[in-house]
Amino acid sequence: MNANAFRDLYAYHFAANRKVWDEYIVPLRQEQFVQPVQYSIGSVRNHIVDLMSVDDSWFAGLRGVDEPGFLNPVRFASREKIRTHWDSVEQNMQTYLSTLQDSSLITQPFLEYDEDPIYLWQVLFHVVNRGTDHRAQMLRILHDFGVETDAPDYVFFSQSVCELMPA
């Protein structure tokens, strides 16, 4: 792995989040958006807030700033408020990723907190992987609501990016 590979994975992460948001969540009725479900951590709103909260917490730690703590979904009653906050979280992540160097991937950023230190590349992979899991959980809920979705697979993202690249 190298820093550019992680930037590519995060481009996918951001694009996949945006696709699920724009195509499937924005059109939901408010009742569906906040509807309690017995699957995973609850409503679609709860999944979104948890996803951005965890992304923000991990990257705050990587950036060396105070971790914001977990966000309460109730404080995000409107999708506009979520989108504004999520855009800020994503911008902070992109700023961090823009400075990422290959050599930093084997550093251990949380030595003072962990008995079993993890490498930066493992943290970065974990956050992307967790996002994939949350998107899959949201797609399950959306499917149960009758929303037609398609596969947000990385390979489809990478193919669309390659089509845009000059030969």
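## Exercises: salt bridges and helix 5

Lys-19 has a relative accessible area of 26%, so this residue is partly exposed (buried means under 20%, exposed over 50%, partly exposed in between; 1.4 Å probe, protein chains only). The model is predicted: local features need pLDDT of at least 70, side-chain atom pairs count only at pLDDT 80 or more, and totals for chains, interfaces and linings use all residues. Residues are numbered from 1 along each chain as its sequence is written, and side-chain values use heavy atoms, leaving out hydrogens and water.

**Exercise 1.** Find which residue forms a salt bridge with Lys-19.

*Solution.*
- Apply the criterion: a side-chain nitrogen of Lys or Arg within 4 Å of a carboxyl oxygen of Asp or Glu.
- The partner is Asp-150, with the closest N and O atoms 3.3 Å apart.
- Place the pair: Asp-150 lies in the loop between helix 5 and helix 6 (154–164), Lys-19 in helix 1, so parts 131 residues apart in sequence are tied together. Helices are DSSP runs (H or I, at least four residues), numbered from the N terminus.
- Asp-150 is partly exposed, at 38% relative accessibility.

**Exercise 2.** Classify Asp-50 and Arg-130, which meet in a salt bridge.

*Solution.*
- The N to O distance is 2.6 Å.
- Asp-50 sits in helix 3 and Arg-130 in helix 5, 80 residues apart.
- Asp-50 is buried at 17%; Arg-130 is partly exposed at 22%.

**Exercise 3.** Check the span of helix 5.

*Solution.*
- The expected span is 1.5 Å times one less than the number of residues.
- For the 25 residues of helix 5, that gives 36 Å.
- The end C-alpha atoms are 37 Å apart, which agrees.
- Just after helix 5, Gly-146 takes a positive phi of about 90 degrees.

Notes:
Helix = DSSP H or I, 4+ residues; strand = E, 2+ residues; numbered from the N terminus.
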